[in-house]
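Please open the model in your viewer and keep the sequence beside it. The tour below goes from one selection to the next and says what is found at each stop.

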Amino acid sequence: MKIRKGIIGGIGLLLAMVALQSCSTVRAGPNGGDIVPLGNGQAMAEVMSNSDTGEVMVHTWDKNLKSGQPIENHSLMMGSGSQTVELKPYPESTDTSGLCSRFYGQADWMRGGQTHHGWLSANGDKNRHDFDMNNCWNGGAAHGSMFTGMGDHRHGMMGGASGSGMGH
């Protein structure tokens, strides 16, 4: 009887450990960023951040993360606590007119990679989707060329006198 209880207890412990690991696994997007649902969940946002510059880029995907899913061409808002940054739409060449699958912004409070929790809101949606920033810093570091690829948009947001740019 003791052996049977030990085996059942061991199996229960093993199942609990597997369940905890599966719950704590954070899904990364195609570019390695954090995945956040948008609106009714038909589109997913992939958030990537550059800890050196404070830049943030969001790409929108279908709910299966297989192909780009452009959404309305309106700014997204991202924040952590009371700090916010507006992520402006920068449509890809393949996006249909009026829709966008890439959003970009920069905020000094994002520098250093010390932000660990955030929220994202689309199209003035009062519903904020909270998320833990587990993958966005690595995704941003691995795909630095995406930020560089913003060209004049990037320099316009980061260049200029002290206090210029977004998030100041």
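Strands, in the sense used here, are DSSP runs of E that hold at least two residues, and they are numbered from the N terminus. With that in mind, and remembering throughout that this is a predicted model, begin at the hairpin of β5 and β6, where 2 residues lie between the strands and G81 takes a positive phi near 65 degrees.

Next, select β5 (76-80) and β6 (83-89) in full. These two strands run antiparallel and are joined by 5 bridges, and if you pick G79 you will find that its bridge partner in β6 is T84. On another pairing, β5 is joined to β9 by 4 bridges, again in antiparallel fashion, and here M78 stands opposite L120 in β9. Of the 5 residues of β5, 4 are buried, so this strand is largely enclosed by the rest of the structure.

Now widen the selection to the whole sheet. Strands of a sheet pair through backbone hydrogen bonds, either parallel or antiparallel. In this model an open sheet of 8 strands follows the order β1-β2-β3-β8-β6-β5-β9-β10, and the pairing is antiparallel. Its edge strands are β1 and β10 (129-132), each of which pairs on one side only. Neighbouring strands of the sheet are turned against each other by 30 degrees on average, with direction ignored. At the β1 edge, 5 bridges join β1 to β2, the two strands running antiparallel, and L38 stands opposite A43 in β2.

Which residues touch the most other members of the largest nonpolar core? Select V47, L76, M78, L87, M110 and L120, which hold that place among the 23 residues of the core. At least two core residues come from each of β1 (34-38), β2 (43-50), β3, β5, β6, β9 (117-122) and α2 (136-142), and β2 gives the most, with 3 residues. Centre the view on V47 and show its surroundings: leaving aside residues up to four places away in sequence, its contacts include V36, V56, M57, M78, L120 and F131. A second core, separate from this one and made of 5 residues, includes M57, Y90, Y104 and F147.

Turn then to the charged side chains, where the structure holds 2 salt bridges. In one of them the side chains of E92 and R102 meet at 3.9 Å, N to O. This pair links distant parts of the chain, as E92 sits in the loop between β6 and β7 (99-100) while R102 belongs to strand β8 (residues 102-106), 10 residues apart. Are the two partners buried or partly exposed? E92 is partly exposed, with a relative accessible area of 28%, whereas R102, at 17% relative accessibility, counts as buried. For the other salt bridge, select R111 and D108, whose side chains meet at 2.9 Å, N to O. Here R111 is partly exposed at a relative accessible area of 37%, and D108 is partly exposed as well, at 30%.

For the last stop, select L65, which lies in the loop between β3 (55-62) and β4 (71-72). Although L65 is not a glycine, it has a positive phi of about 60 degrees. With a relative accessible area of 13%, L65 is buried, because the limit for that term is under 20%.

Definitions and conventions. Residues numbered from 1 in each chain as written. Predicted model: local features only at pLDDT ≥ 70, side-chain atom pairs only at ≥ 80, totals over all residues. Heavy atoms only, no water. Buried < 20%, exposed > 50% of the residue type's maximum accessible area, 1.4 Å probe, protein only. Core = buried A, V, L, I, M, F, W, Y, C linked by side-chain atoms within 4.5 Å. Contact = heavy atoms within 4.5 Å. Salt bridge = Lys/Arg side-chain N within 4 Å of Asp/Glu carboxyl O. Pairing = 2+ DSSP bridges. Axes fitted to C-alpha atoms, helices over the stretch in contact; angles between N-to-C directions.
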